[in-house]
Each structure stands twice: as C-alpha cells, then as structure tokens.
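Here is a friendly walk through one protein chain, written for someone who likes to check contacts and angles alongside the coordinates. Have the viewer open and follow along.

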Amino acid sequence: MINLGINKVIRREEGGSRMVAMYWLILFIVLLVIEIITLGLTTIWFAGGALAAFALSLMEVSPVLQWAVFCTVSLILLFATRPWAVRYFNNQKKEKTNVDSLIGKTAVVTSAIRNLEGKGEVFVNGLTWAARAGEDSMVIEEDTHVTVTAVQGVKLIVEVKKEDSL
C-alpha cells in the first residue's frame, strides 16, 4: 500500500511538471500573438524568457528556477537587443504622404499670391493648391515659378524660385 501511495505522488508530480510546461507554452504563444498584433516590440522579449522557462520545465527544473530564468532572460533580451531593434526598425525609410512629397517641388502661380488679402493659388503635380508666401508683405505674381517650402493645413507655403527672382 505504501508503494501505491508513492506512485500516486510521483504521477501527480509528473503531471504537475507537464502542466507547468503547458503554462509556459501558453504564455509564450500569447506573448507572440500580442507582439504580432501590436508590432510594438513590447512582448517579444518576454516571449523569449517564456520559451527558456518552457525548456527548463521540460527538463523538470524547479519552478523557482524557471521563474528566475524567465525574468533574467527577458531582461537580458530587453536591455541587450531592444535598443538595436528600435534603431533598426526606426531607421527604415518612411514613405512621405502626398502632401509631404510636395515640399521642395517647383510650382507655377496660377493666381497672384497676396497674403494680406488671403488670395493665391499654385499648380503642382497636376493639382491646384491654395498658396501663401513665406512673408505677409510679399506679393508673387501669376506665372511665377515658386518652390514649396512647407505645408500649413491645406495651404502650401512658397517662395520665389531663385532663377525667377533675378
């Protein structure tokens, strides 16, 4: 009878270590799914820690050591690789929006630009835009070539192109 009791305890412990391994695997999968959904480089480091703890649980290492390894690996991954990853992902060339791509382009004034009167239009990239000069006192006449220097709301801020100002 004593033997049967010991076997039950051993079976329970083996089942318990399998359950702990399942918990680590579930945590790993959940953290990966969160990372895939958010793409914010927030949970991937902890997924690595959960994977290391999962491996230890398969080797039936104590849960305290599993938690210690989970925390240690997660923190090492976070502090050692996150700065590199953020720099790499933020270094990707960002696509300009349509409006941002107008800055630096040459436009033709289609209606004289008079800031004080709130008038003026330019034609650039096949579209007519409301335009304003960089200085309020400046007047830019029709058919003048200008360079777009900025965008404020729905208006392009322009300055006379160097060749036309001579």
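The report below goes from the overall layout to the helices, then to the strands and their loops.

## Overall layout

Please keep in mind that this is a predicted model. The protein chain has four helices and six strands. Read from the N terminus, the elements run α-α-α-β-β-β-β-β-β-α, so the walk below can follow that order.

Of the 166 residues in the chain, 25% count as buried. The accessible surface comes to about 11500 Å², and carbon and sulfur atoms own 64% of that area. Among contacts with a separation of 6 or more, 47% are between residues 24 or more positions apart.

## The aromatic pairs in the helical part

The chain contains three aromatic pairs. One of them joins Trp24 and Phe70, whose rings sit 5.2 Å apart, centre to centre, with 40° between the planes. That angle makes the pair tilted, because the tilted class covers planes that are neither under 30 degrees nor over 60 degrees apart.

What does this pair tie together? Trp24 belongs to helix H1 (residues 2–38) and Phe70 to helix H3 (residues 63–90), so the pair links parts that are 46 residues apart in sequence. Both partners are shielded from solvent by the numbers: Trp24 has a relative accessibility of 5% and counts as buried, and Phe70, at 11%, counts as buried too. Trp67 joins in as well, since ring pairs link Trp24, Trp67 and Phe70 into a cluster.

## Where H1 hands over to H2

Glu35 is also placed in helix H1. Is Glu35 buried or exposed? At 8% relative accessibility, Glu35 is buried, because the limit for that label is under 20%. Its side chain reaches the backbone nitrogen of Thr43 at a distance of 3.0 Å. Leaving aside residues up to four places away in sequence, Glu35 touches Gly40, Leu41, Thr42, Thr43 and Ile44.

Thr43 lies in the loop between H1 and helix H2 (44–58). With a relative accessible area of 12%, Thr43 is buried. Seen from the side of Thr43, and with the same sequence neighbours left out, the residues touched are Leu31, Ile34 and Glu35.

Here are the accessibility values for the residues discussed in this report:

| Residue | Relative accessible area | Class |
|---|---|---|
| Trp24 | 5% | buried |
| Glu35 | 8% | buried |
| Phe70 | 11% | buried |
| Thr43 | 12% | buried |
| Asp143 | 58% | exposed |

## Two nonpolar cores

In soluble globular proteins, nonpolar side chains tend to be buried together. The largest nonpolar core here has 14 residues, and the members that touch the most others are Ile113, Val122, Ile140, Val146, Leu156 and Val158. Which strands feed this core with at least two residues each? They are strand S1 (106–114), strand S2 (119–124), strand S3 (127–133), strand S5 (145–152) and strand S6 (155–160).

A second, separate core has nine residues, including Ala21, Trp24, Ala47 and Ala50. Trp24 therefore appears both in this core and in the ring cluster, and it is buried at 5%.

Back in the largest core, Leu156 is a handy residue to select in the viewer. Beyond residues up to four places away in sequence, Leu156 touches Leu102, Val122, Val124, Trp129, Ala130, Ala131, Arg132, Val148, Ala150 and Val151.

## Strand pairing and loops

S1 and S5 run antiparallel and are joined by three bridges. In one of the pairings, Ala107 has Val146 in S5 as its bridge partner. S5 and S6 also run antiparallel, with six bridges between them; there, Thr147 has Glu159 in S6 as its bridge partner.

S5 and S6 form a hairpin with two residues between them, and Gly153 in the turn has a positive phi of about 65°. Which residues have a positive phi without being a glycine? Asn125 is one of them, at about 50°, and Asn125 lies in the loop between S2 and S3. Asp143 is another, with a phi of about 70°; Asp143 is found in the loop between strand S4 (139–140) and S5. Asp143 is exposed, with a relative accessible area of 58%.

Note on methods. Residues are numbered from 1 along each chain as its sequence is written. This is a predicted model: local features need pLDDT of at least 70, side-chain atom pairs count only at pLDDT 80 or more; totals for chains, interfaces and linings use all residues. Side-chain values use heavy atoms; hydrogens and water are left out. Rings of Phe, Tyr and Trp (its six-membered ring) pair if their centres lie within 6.5 Å; planes under 30 degrees apart count as stacked, over 60 as edge-to-face and the rest as tilted. Buried means under 20% relative accessible area, exposed over 50%, partly exposed in between (1.4 Å probe, protein chains only). A polar contact is a pair of N or O atoms within 3.5 Å; within protein, one must be able to donate a hydrogen and the other to accept it, and residues adjacent in sequence count only if both atoms are side-chain atoms. Contact means heavy atoms within 4.5 Å. A nonpolar core is a set of buried Ala, Val, Leu, Ile, Met, Phe, Trp, Tyr and Cys residues joined through side-chain atoms within 4.5 Å. Two strands pair if DSSP finds at least two bridges between them. Accessible areas come from the Shrake-Rupley method with a 1.4 Å probe; for residues, only the protein chains shown count as cover.
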